[in-house]
Amino acid sequence: MENATIRERALLHLNRFPNITPNEMFNVSFDLTQDGIASVLGISRAHASLELKKLKELGKIDDWQAHIRGSSTKRRVYYILPEGIAEAGILTKRFEAAGISVDALLDMKRCDPEIMWENLSVKDKETFGFACTFRVSIPRKTLPETKTGVIPADFYGMTCINETIRERYLSHTDPEKTKVWHSRAADWWIDKDDDQERLYHLVKAGRNTEACKLTIRKAEIFIENSNEDLLRIVQEMTVIPRHTESIYNIRAKIALECADANDAFVCADILADFLTNDADIIRAEACMVSKNPEKGFVIASSIFKKEPSSKAALIAAKCLFRMKKYDEAAEFLDFSYEVLSNNNDATGIDEIMLLRAGIAYGKGKTDESLGYLSKAQRASRKDRTKKRIDAIAKNIKNGNKVNFD
């Protein structure tokens, strides 16, 4: 089977609009502009411009100025000439005889993946496969040029293969080859400001030691920016034995931030093998997430009795607060605050002040609540927490009902 060149695909695309001529001055489709053609063919605007210029010189197409549908300004648009229509007809017969649908050729979503792979050269398979490993837009120039122009690019020269297309085409490749592409992608992200994407590729590449080390090194950032995608990445990670305790502690915190109590309990079960209170601390917090503060308090208070700590006291206070036992919660908060102050440790001060604000609000003391929120704002180092505090304060000032949970 033959490959379709970009020039051929451009001609086939314009042949979709044989009745659009310079007689049409209004309501012309965006698909006939350079940007529209580039988008359909999956190439840059500059590349499309060059190919269209060649086709015009060959007498296959021409252009004119017209109003684009939904726009009040004129733009250069293209139309196919009789000689171009004739060649497009020949091309259509050629590809259909080879079992290739022209519509599928111009739209990867409709193309059979197996046929697609068969029509790509070895070099283009390598480039397209590598492109399919990226989940977010990257500069098209990052990838080598392809003979068929199979890599899409937008007006700004950025490219990202549709998720459905990525999965369909990668399903036809050797898993070990896919790992190699992911490894290359992971290295591409080294000097870029997106540790989550680098971690994703490290995990997919099976570079487990590096994935564990990156997770531990960037733990604070990952936890602060927890999201469900990050949790899935960490869940898929193969944990190196010597990093088990650290990784599952981090994973548990991400799970709790994502309100995934079930995964937090999974992490707690694994951490139970280590001689620390981490497993029970996580279980207590997971109970709160699963709306069982009573059980959470039993666990947290048991830890506190055995080994009084600021963390255990804070979790116990959170459970009591959700049970609306404000005075008891305040006692645990006083202990937690005293321990942190004596140790000159600011970690958790914002949580304490935020909880105190909640207690004051629960007792109907809005001015006192706003005062604690102000202190929580000054103590917090997390952007997400600061935004939450701002939102709560604004709602209180506006007389709206507030939920501190």
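## Exercises on a predicted model

K74 sits in strand β2, which covers residues 74-80. Keep in mind that the model you're looking at is a predicted one. Let's start with that lysine and then work through some helices.

**Exercise 1. Work out how exposed K74 is and which residues K74 touches.**

Step 1: check the accessibility. K74 has 46% relative accessibility, so it goes down as partly exposed. The cut-offs matter here: buried is under 20%, exposed is over 50%, and partly exposed is what lies in between.

Step 2: look for contacts, skipping residues up to four places away in sequence. That leaves M25, Q65, A66 and H67 touching K74.

Step 3: try a distance. From C-alpha to C-alpha, K74 and V28 are 9.9 Å apart in space, with their positions 46 residues apart in sequence.

**Exercise 2. Find out which residues of helix α21 are buried and where they lie around its axis.**

Step 1: get to know the helix. α21 runs over residues 366-379, 14 residues in total, and spans 20 Å from first C-alpha to last, close to the 20 Å expected.

Step 2: pick out the buried residues. They are S369, Y372, L373 and A376.

Step 3: look down the axis. Those buried residues fall within an arc of 105°, so they line one face of α21. Here's the general idea behind that: an α-helix has 3.6 residues a turn, so residues three or four places apart point the same way.

Step 4: turn to the other side of α21, where you'll find D367 and R378 exposed.

Step 5: see what the buried residues of α21 pack against. Their partners are α20 (349-362) and α22 (383-397).

**Exercise 3. Describe the surroundings of I392 in helix α22.**

Step 1: with a relative accessible area of 6%, I392 is buried.

Step 2: leave out residues up to four places away in sequence, and I392 touches L354, L373, V402 and F404.

Step 3: follow one of these back to the previous exercise. L373 is among the buried residues of α21. Its C-alpha is 8.3 Å from that of I392, and the two are 19 residues apart in sequence.

**Exercise 4. Decide whether α1 and α4 are roughly parallel or roughly perpendicular, and say what makes up their contact.**

Step 1: take the axes. Those of α1 (residues 6-14) and α4 (residues 82-97) come within 9 Å and cross at roughly 110°.

Step 2: classify the angle. Angles of 65 to 115 degrees count as roughly perpendicular, and α1 and α4 are therefore roughly perpendicular to each other.

Step 3: list the residues. α1 brings E8, L11 and L12, while α4 brings G84, E87, A88, L91, T92, R94 and F95.

Step 4: sort them by type. You get 5 nonpolar, 2 polar and 3 charged residues.

**Exercise 5. Say whether H201 is buried or exposed, and name its contacts.**

Step 1: locate H201 in helix α10, residues 195-205.

Step 2: at 0% relative accessibility, H201 is buried.

Step 3: setting aside neighbours within four places in sequence, H201 is in contact with T133, F134, H182, A185, A186 and W189.

**Exercise 6. Locate A259 and K324, two non-glycine residues with a positive phi.**

Step 1: A259, with a phi of about 60°, lies in the loop between α14 and α15. At 53% relative accessibility, A259 counts as exposed.

Step 2: K324, with a phi of about 65°, belongs to the loop between α18 and α19. K324 is exposed too, at 62% relative accessibility.

Note on methods
Residues numbered from 1 in each chain as written. Predicted model: local features only at pLDDT ≥ 70, side-chain atom pairs only at ≥ 80, totals over all residues. Heavy atoms only, no water. Helix = DSSP H or I, 4+ residues; strand = E, 2+ residues; numbered from the N terminus. Expected span 1.5 Å × (residues − 1). Buried < 20%, exposed > 50% of the residue type's maximum accessible area, 1.4 Å probe, protein only. Arc of directions from axis to C-beta. Contact = heavy atoms within 4.5 Å. Axes fitted to C-alpha atoms, helices over the stretch in contact; angles between N-to-C directions. Parallel < 35°, antiparallel > 145°, perpendicular 65-115°, else oblique. Nonpolar A, V, L, I, M, F, W, Y, C, P; charged D, E, K, R; others polar.
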